[in-house]
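Trainee: I should like to go through this structure step by step. May we begin with one loop and then move outward?

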There are 2 protein chains.
Amino acid sequence: MTSFQLLSTDGLARRGRLTTPHGVVETPVFMPVGTQATVKGLLPEQLEAIGAQIVLGNTYHLALRPGADLIAEMGGLHRFMGWTGPILTDSGGYQVYSLAPTRRIDDHAAVFRSHIDGALFELTPEKAVEIQEQLGTDIAMCLDECPPFGTDPGRLKEAVGRTIHWAERCRAAHRREDQALFGIVQGGTDLELRGKCAAALVALEFPGYALGGFSVGETAEQMTAVLEASAALLPADKPRYLMGVGRPQDIVEAVARGIDMFDCVLPTRNGRNAQAFTMDGPIRLRNACHKRDSAPLEVNCPCYCCRKFSRAYLHHLFQADEMLGPMLLSLHNVAFYLRLMAAIRQAIEAGEFARFREVSLARWGDRT
Amino acid sequence: MTSFQLLSTDGLARRGRLTTPHGVVETPVFMPVGTQATVKGLLPEQLEAIGAQIVLGNTYHLALRPGADLIAEMGGLHRFMGWTGPILTDSGGYQVYSLAPTRRIDDHAAVFRSHIDGALFELTPEKAVEIQEQLGTDIAMCLDECPPFGTDPGRLKEAVGRTIHWAERCRAAHRREDQALFGIVQGGTDLELRGKCAAALVALEFPGYALGGFSVGETAEQMTAVLEASAALLPADKPRYLMGVGRPQDIVEAVARGIDMFDCVLPTRNGRNAQAFTMDGPIRLRNACHKRDSAPLEVNCPCYCCRKFSRAYLHHLFQADEMLGPMLLSLHNVAFYLRLMAAIRQAIEAGEFARFREVSLARWGDRT
């Protein structure tokens with residue numbers, strides 16, 4: 001029930017349309033992150049109002065708390081969190097590595113202790129699929145092994161082998177026809193491993209492909225080079241999702257290399273920390289220079305925060321440690337990312353993406 | 001420009017209408033508390049949506065941070081905080097006692113150290129009026145002296161004398177015709193002192209009167225007795241405001257004694273702590289019994305929280321320490337207080353307040 005249509009291209013940049021059981025997603029798209037069944041600090045009606053098309057949930061977090069069976073009992077993740085649009089769930093592979101202590105990984109499963117209560121938890125590829133089918137999301141991800149940046153070549157090769165093996169098992173276990181299962185290409189900065197992984201996953205004919213293991217410590221140059229080579233290995237008629245990336249300039253650069261889908265915690269995390277994204281670059285609202293500034297955060301931003309409040313008020317909210325500060329700035333920052341993606345889509349449609357990219361990088365700094 | 005119209009009575013309970021420069025307020029009314037220029041966790045558009053008619057600000061807090069001059073520069077408190085309806089500001093007398101360390105109070109002024117940065121601050125009656133005129137709120141309060149519960153009779157008498165003296169000075173200093181200045185009756189549980197204070201303030205012909213020094217440690221019986229006697233001392237054609245009170249049952253009991261206006265931090269404070277108000281009594285959302293409960297918090301509540309989410313989801317949000325939990329529960333709790341007041345107004349209009357009170361007290365427990 002999920003399909004992808006490539007509408008037009010501009011260089012390597014792609015303008016596409018992803019149709020899911022819960023709605024249509026225009027790509028390139030940014031997916032606000034709702035790890036624990038809520039995009040931090042935002043109401044679903046606010047997400048709708050600022051034009052969010054699809055949000056993310058996290059298999060690892062939701063399986064540990066409140067539990068996939070509970071969410072299924074409550075009618076699935078959409079109903080549980082009050083979001084009627086499409087949802088993609090990450091498989092939990094990354095979180096097993098980054099959050100859970102005393103883990104053991106072999107070909108059978110990832111075994112780890114919950115970061116919440118220390119309970120022992122075994123995640124097999126089949127279990128990752130089962131959980132995501134219980135959650136009932138539109139797009140599920142295969143369980144992958146995502147070793148840290150700098151892992152030695154032998155260990156990295158083993159992880160890629162396991163990621164391929166697990167992708168096969170996920171594919172075999174997956175049942176729900178109203179849910180698309182995407183494969184995840186790993187391989188760190190090793191282009192040969194990336195190529196091997198991509199070829200194996202493409203042979204499995206997934207309806208979409210993710211690039212994992214980016215933004216984990218590599219330099220911007222490494223990321224760009226690997227990204228360009230990896231994207232080229234993926235079929236043109238399937239959506240391409242760059243997991244966990246990133247800053248506005250990273251997104252523009254990745255779109256320039258043919259990526260369609262993004263997620264990142266930066267807009268909400270920075271929003272909670274008084275850091276705003278604007279088209280003119282970042283703004284730190286705690287800085288004293290904003291204390292008496294009656295201007296809105298961003299003049300042409302149509303979000304509720306920018307329509308109603310001054311920088312002076314936002315500065316005051318953060319100084320006074322008021323919840324409304326994180327709420328308003330998270331709202332603005334997510335709205336900024338969504339505006340950025342709309343501008344990117346428009347530029348691609350108009351065949352002006354190269355110019356858009358040039359202007360963006362001049363504003364935010366060139367990372368390539 | 002502010003006027004009060006007594007529309008009808010039912011026993012001692014009163015149905016009134018307060019007209020202010022920023023809009024009409026139907027009484028009895030509950031005023032959500034926006035101490036630091038924000039009702040904690042709620043957007044102004046949410047306050048509007050749930051029918052808030054007037055909100056509170058606090059002179060003490062706003063004078064210390066961000067400063068009344070800054071708010072004036074930003075166009076006044078309404079514009080600063082994005083609330084277009086009426087605002088009442090408390091004078092700061094209570095906060096000087098409850099928050100600020102190393103204070104000294106004499107007939108001239110209250111001198112205290114800021115609880116934020118320790119800076120020395122002098123608050124005279126004239127200064128309290130000046131600050132509130134800078135804030136530009138619809139209703140300002142006289143500076144009063146509010147000694148703690150249990151203060152010895154001599155000291156209490158001195159505080160009442162000073163409250164009267166300061167009320168005279170506030171009245172003399174007050175200039176803004178688009179702002180009403182209310183007097184505050186103090187006197188603790190001493191009915192003679194309450195009577196003396198009320199008589200002196202009534203002679204000054206304020207457009208409204210507050211009863212201060214309640215809910216500071218006295219028993220429910222003491223409060224009810226003093227409240228009944230004190231309300232009777234106030235002119236029938238002026239609004240009566242019971243400061244900082246209280247629980248739903250306290251409000252019903254105070255309306256039964258002729259009070260028109262209320263404020264209290266309970267709905268937002270309890271909301272942040274996972275405690276919900278409902279017509280059937282309080283609910284603690286962290287309790288395990290809510291873990292798998294697909295029912296809304298309150299079945300007939302039209303607020304966004306109750307329309308969209310289950311108790312199971314709210315339980316999850318608090319267990320996962322997600323901001324959305326406090327946001328949604330603060331919204332529901334304030335909406336609950338506003339619904340309670342609407343039901344009270346309707347009962348008075350219908351001449352059925354005695355019955356309403358009886359039913360309410362049977363639900364929530366009889367305090368009298």
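Mentor: We may. Please bear in mind that this is a predicted model. Our starting point is Ala37(B), which lies in the loop between β4 and α1 of chain B.

Trainee: What is the phi of Ala37(B) near, and is the residue buried or exposed?

Mentor: Most residues other than glycine have a negative phi. Ala37(B) is not a glycine, yet its phi is positive, near 70°. A residue is buried if 20 or more other C-beta atoms lie within 10 Å of its own. Because Ala37(B) has 26 C-beta neighbours inside 10 Å, it counts as buried.

Trainee: Which residue of chain A, other than glycine, has a positive phi near 55°, and is it buried or exposed?

Mentor: The residue is Glu205(A), with a phi near 55°. Its place is in the loop between α8 (191–203) and β12 (209–211) of chain A. A residue is exposed if 12 or fewer other C-beta atoms lie within 10 Å. Glu205(A) has 10 such neighbours, so it is exposed.

Trainee: Which residues does a cis peptide bond join in the loop between β3 (23–27) and β4 (29–31) of chain B?

Mentor: Most peptide bonds are trans. The loop between β3 and β4 of chain B holds Pro28(B). The bond before this proline has an omega of about 0° and is cis; it joins Thr27(B) and Pro28(B).

Trainee: Where is Pro66(A), and what is the omega of the cis peptide bond that joins it to Arg65(A)?

Mentor: Pro66(A) is found in the loop between α2 (59–64) and α3 (68–73) of chain A. The cis peptide bond joins Arg65(A) and Pro66(A), with an omega of about 10°.

Trainee: Let us turn to the strands. Which strands of the sheet β7-β8-β9 of chain A stand at the edges?

Mentor: The three strands form an open sheet in that order, with antiparallel pairing. A strand with a single partner has one side left without a neighbour in the sheet, and this is so for two strands of chain A: β7 (104–105) and β9 (120–123).

Trainee: Over how many bridges do β8 and β9 of chain A pair, and which residue is the bridge partner of Arg113(A)?

Mentor: Strand β8 (residues 110–113) of chain A pairs with β9(A) in the antiparallel sense over four bridges. Phe112(A) stands opposite Phe121(A) in β9(A). The bridge partner of Arg113(A), also in β9(A), is Leu120(A).

Trainee: Which residue takes a positive phi in the hairpin of β8(A) and β9(A)?

Mentor: This hairpin has six residues between the strands. The positive phi, near 80°, belongs to Gly118(A).

Trainee: How does the span of helix α14 of chain B agree with its number of residues, and how many of them are buried?

Mentor: Helix α14 (residues 324–349) of chain B has 26 residues, and at 1.5 Å a residue it should span 38 Å. Its end C-alpha atoms are 37 Å apart, which agrees. The helix is largely enclosed by the rest of the structure, because the buried residues number 22 of the 26.

Trainee: Which residue just after α14(B) takes a positive phi?

Mentor: The value is about 70°. The residue is Gly351(B).

Trainee: Which residues touch the most other members of the largest nonpolar core?

Mentor: In soluble globular proteins, nonpolar side chains tend to be buried together. The largest nonpolar core here has 237 residues. Phe182(A), for example, touches residues including Ile139(A), Phe206(A) and Tyr241(A). Those that touch the most other members are Phe182(A), Phe182(B) and Leu331(B).

Trainee: How many residues does each chain bring to the contact, and which element gives the largest share on the side of chain B?

Mentor: The contact takes 33 residues from chain B and 32 residues from chain A. On the side of chain B that touches chain A, 18 residues are nonpolar, eight polar and seven charged. The largest share there, five residues, comes from α13(B).

Trainee: What rotation superposes chain B on chain A, and which residue of chain B comes closest to the axis?

Mentor: The rotation is 180°, with 0.0 Å of shift along its axis and an RMSD of 0.0 Å. The two copies are therefore related as by a two-fold rotation axis. The same surface serves both copies, since 97% of the contact residues of chain B recur in chain A. Closest to the axis in chain B, at 4.1 Å (C-alpha), comes Met323(B).

Note on methods. Residues are numbered from 1 along each chain as its sequence is written. Chains are lettered from A and ligands numbered from 1 in the order in which they are written. The expected span of a helix is 1.5 Å times one less than its number of residues. Two strands pair if DSSP finds at least two bridges between them. Two residues are in contact if their C-beta atoms, placed from the backbone, lie within 7 Å. Ala, Val, Leu, Ile, Met, Phe, Trp, Tyr, Cys and Pro count as nonpolar, Asp, Glu, Lys and Arg as charged, and the others, Gly among them, as polar. Copies are superposed by least squares on the C-alpha atoms of residues with pLDDT of at least 70 in both. A nonpolar core is a set of buried Ala, Val, Leu, Ile, Met, Phe, Trp, Tyr and Cys residues joined through C-beta atoms within 7 Å. Lists of a residue's contacts leave out its neighbours within four places in sequence.
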